[in-house]
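Here is a protein model to go through together. Please have a look before the questions begin.

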Amino acid sequence: MNVQTLKAEVRSLSGKGPARQLRMQGLIPAVFYGPGKSPQNLAVSPEALSKILSGAYGRNQLVELDIAGTKELALVRDLEVEPVSRKVLHADFYAVSTEREVKTRVPFTAKGRALGVQKGGKLRVVYRDLPVAGTP
């Protein structure tokens, strides 16, 4: 399994002011949480996170967070993106265990044109994403 590593720093302050100061330093605020884990406020590099998310698996990529020397497996659960510039403003990481099943939704897109559509029919898209479950 292809796992990307992302360096994360623990941050003690939270709120709008510290988040703005963090962004001025070139980092973005993030949160790491999951079953059996207490939520941790983190700071990560937006460039490194964007590089990981631009891979073949996108947001369904397993990320190994390096938090002060400890390695934690996680999935990107949520991203907050600035609507005009498309910069990542905040990220949520969900803890993943290799023994526990993970449920997620994978985007589904159809490519090409069906023969029925070429002959004048209409394409009815029923699913835009598909539920997937499995162990990492």
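The questions below go from the core to the strand pairs.

This is a predicted model, in which local features need pLDDT of at least 70, side-chain atom pairs count only at pLDDT 80 or more, and totals for chains, interfaces and linings use all residues. Residues are numbered from 1 along each chain as its sequence is written, and side-chain values use heavy atoms, with hydrogens and water left out.

Reader: Which strand gives the most residues to the largest nonpolar core?

Author: Happy to start there! A nonpolar core is a set of buried Ala, Val, Leu, Ile, Met, Phe, Trp, Tyr and Cys residues joined through side-chain atoms within 4.5 Å, where buried means under 20% relative accessible area with a 1.4 Å probe, protein chains only. This core has 20 residues, and Phe 93 is among those touching the most other members. Helices (H or I, at least four residues) and strands (E, at least two) are DSSP runs, numbered from the N terminus. With four residues, the top contributor is strand 6.

Reader: In which sense do strand 5 and strand 6 pair?

Author: Good one to check by eye. Two strands pair if DSSP finds at least two bridges between them. Glu 80 stands opposite His 90 in strand 6, and the hairpin of strand 5 and strand 6 has six residues between them. Over seven bridges, their pairing is antiparallel.

Reader: What is the bridge partner of Val 63 in strand 5?

Author: Strand 4 and strand 5 are joined by five bridges and run antiparallel. Their hairpin has two residues between the strands, with Ala 68 at a positive phi near 50 degrees. In strand 5, the partner of Val 63 is Ala 74.

Key
Buried means under 20% relative accessible area, exposed over 50%, partly exposed in between (1.4 Å probe, protein chains only).
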